[in-house]
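This briefing is intended for a reader who is meeting the structure for the first time. The sequence and the model are shown below, followed by notes grouped by topic.

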Amino acid sequence: MTRNASLGRLLSVVLVLLVTVGSMQTVGVAVAETTTVGVGETAGVEGGTLDGEPGETATVVVWTDARDVGGYQATVAFDPSVLRVRSVEGTDDFETPVVNVDDEGSVTFNQLREGGVDGPALAELTFEFVGAGGTQTTARLVGSETKLADPTGVELGVDVYGDVTFRVVEPTPTVTPEPTPAPTSTPVPSPTATPEATATPEPTPTRTPVSEPSRPSSGGGGSGSANSGGADASSEPEISVTQRRGGVLVDVQRGSTATSFSVDLPRSVESSGVGVLRLDWETQSATNRYTITVSTFETAESVPELAAAEPLAYVSVTPDGIESTAVDTATVRFVVDEETLTDRDDLTVSLWRYDGSWHRLETTELGDGRYAATTPGFSTFAVAVDPASTPTPTPAPERTPTRESPQSQTPVSASPPEPTPAVAEPGMETPASALDDVANTAVDTSAEPAGAVGGPSAVLVTLVVGLLVTVSALRLLRR
């Protein structure tokens with residue numbers, strides 16, 4: 001009995017140990033599945049406090065322990081009276097992101113990459129201490145605006161958002177040591193030697209040179225410096241272009257200091273042999289910072305297909321932070337590859353703009369497949385070839401048949417020849433029966449059309465009449 005009780009207690013202890021170990025493994029798995037986006041002095045280090053004097057800078061790293069990360073967006077909030085953003089740079093895992101700094105005390109940045117990466121460092125943020133000594137602020141990741149995604153665009157969940165503290169310290173006063181005065185030595189007077197008398201030389205006359213007139217200085221006739229009338233370089237607008245999937249992002253800073261802007265775009269902004277080369281625009285907007293996204297597509301997206309012409313590609317120019325109506329005028333320069341225009345030499349390339357319906361813009365050919373079109377604002381555009389104009393065939397004039405008049409026939413004179421009196425030779429007689437047969441021979445002229453003059457029938461009639469006259473004459477001679 002005692003042995004069985006001991007064995008039961010031993011089994012109970014083993015079961016308790018198994019349950020405990022299983023619980024610890026479950027807790028370990030749960031901890032491993034927690035995803036963190038942190039911020040610290042180095043990747044993988046969360047939180048902490050960074051001290052600095054006014055004017056000094058400090059750099060922190062935004063990182064995550066998530067797996068298969070293909071893109072991110074993050075927002076860090078802070079007190080603008082204590083910190084100021086100096087720069088946002090890329091890391092070995094992600095290139096320099098697209099950045100938007102809010103003067104109210106936040107910085108938002110995002111970036112994509114090809115393929116996923118595990119536990120990447122997302123970006124490096126450099127801040128400047130601008131507060132008074134003794135002030136501090138916590139730079140924290142805003143959860144609602146901080147997201148991760150895999151290479152296919154599927155969002156990854158985030159459980160923990162980190163922060164780090166920046167503290168401004170009083171500058172260390174620099175103590176200037178007072179100089180120790182050196183002992184002053186009392187000078188010992190030295191005997192003064194009496195100089196010997198020297199002969200005074202006679203002055204040699206010198207020739208007074210005649211001054212030549214100076215040459216006029218070469219150069220311009222105006223005055224002033226190279227910066228006269230120009231703006232301070234620190235107040236000029238700053239434009240940067242960042243590559244994005246399917247296009248580029250144009251970031252304009254200090255945009256309120258100018259009214260005309262130009263930016264050259266990389267040839268990577270291209271689709272179906274059509275590429276956007278340059279944007280020029282004018283605006284009177286007082287917006288200090290805004291972005292413009294330029295993308296190209298093979299087919300229309302969110303707008304109807306262009307039906308009035310043959311579209312080669314579609315271009316989307318979308319401003320963010322500034323209304324499209326704030327753009328007074330803009331010029332889009334684009335290029336079409338020669339292969340794309342094969343068998344289309346007789347067609348015209350033009351740019352169309354969609355603003356509720358498609359409108360053709362005035363397009364100028366610049367040569368080498370390059371074109372430029374002026375638009376009243378940004379929108380979705382289509383690069384297209386106008387349909388060939390089919391000439392309307394001119395019908396040949398119908399030939400009005402003219403009634404041919406019968407050929408004029410020259411009438412043949414039907415005057416009978418004068419009869420030649422026949423002389424009967426001796427021993428020869430003209431049988432009367434033969435003459436009678438000839439005289440009685442019927443001449444059928446019914447086949448001759450009525451009113452016909454001349455022709456074979458008239459000749460035949462003339463011969464018959466002549467023959468009858470001859471026969472009659474012969475009869476008279478016989479009597």
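One aromatic cluster in this predicted model is formed by Phe78, Phe127, Phe129 and Phe166. The structure holds 10 aromatic pairs. Two members of the cluster, Phe78 and Phe166, are also among the residues touched by Thr137.

**Thr137 and its surroundings**

- Thr137 is placed in strand β9, which covers residues 136-141.
- With a relative accessibility of 9%, Thr137 counts as buried, since the limit for a buried residue is under 20% relative accessible area.
- The side chain of Thr137 reaches the backbone nitrogen of Asp79 at a distance of 3.1 Å.
- Apart from residues up to four places away in sequence, Thr137 touches Phe78, Asp79, Val82, Leu83, Val164, Thr165 and Phe166.

**The pair of Tyr72 and Phe94**

- Tyr72 and Phe94 form an edge-to-face aromatic pair, with 5.2 Å from centre to centre and 90 degrees between the planes.
- Because Tyr72 belongs to strand β4 (residues 69-77) and Phe94 to the loop between β5 (83-89) and β6 (98-102), the pair ties together parts that are 22 residues apart in sequence.
- Both partners are buried: Tyr72 has a relative accessible area of 5%, and Phe94 has one of 2%.
- Arg113 lies over the face of Phe94, at 5.9 Å from the ring centre.

**The pair of Phe261 and Trp281**

- The ring centres of Phe261 and Trp281 are 5.4 Å apart and the planes stand at 15 degrees, so this pair is stacked.
- The pair links distant parts of the chain, with Phe261 in strand β16 (residues 260-264) and Trp281 in strand β18 (residues 274-283), 20 residues apart.
- Phe261 counts as buried at 3% relative accessibility, and Trp281 counts as buried at 2%.

**Nonpolar cores**

- In soluble globular proteins, nonpolar side chains tend to be buried together.
- The largest nonpolar core has 35 residues, of which Leu265, Leu279, Trp281, Ile292, Val294 and Val336 touch the most other members.
- Strand β21 (residues 327-336) supplies the largest share of this core, 5 residues.
- Val336 is in contact with Gly273, Val274, Leu312, Leu341, Val349, Gly369, Tyr371 and Val383, leaving aside neighbours within four places in sequence.
- A second, separate core contains 33 residues, including Val69, Val76, Phe94 and Leu122.
- Trp281 therefore appears both in the stacked pair with Phe261 and in the largest core, while Phe94 appears in the edge-to-face pair with Tyr72 and in the second core.

**The chain as a whole**

- The chain contains 3 helices and 26 strands.
- Of the 479 residues in the chain, 31% are buried.
- Among contacts in the chain with a separation of 6 or more, 72% are between residues 24 or more positions apart.

**Confidence of the prediction**

- The chain has a mean pLDDT of 76, and 64% of its residues reach 70 or more.
- Over residues 401-417 the pLDDT stays under 50, and the model has 8 contacts beyond four places in sequence for this stretch.
- Residues 419-454 also have a pLDDT below 50, and this stretch has 24 contacts in the model beyond near neighbours in sequence.

Note on methods: Residues numbered from 1 in each chain as written. Predicted model: local features only at pLDDT ≥ 70, side-chain atom pairs only at ≥ 80, totals over all residues. Heavy atoms only, no water. pLDDT = per-residue confidence, 0-100. Contact = heavy atoms within 4.5 Å. Phe/Tyr/Trp six-rings, centres within 6.5 Å; stacked < 30°, edge-to-face > 60°. Helix = DSSP H or I, 4+ residues; strand = E, 2+ residues; numbered from the N terminus. Buried < 20%, exposed > 50% of the residue type's maximum accessible area, 1.4 Å probe, protein only. Lys NZ or Arg CZ within 6 Å of the ring centre and 35° of its normal. Polar contact = N/O pair within 3.5 Å; in protein donor to acceptor, adjacent residues only side chain to side chain. Core = buried A, V, L, I, M, F, W, Y, C linked by side-chain atoms within 4.5 Å.
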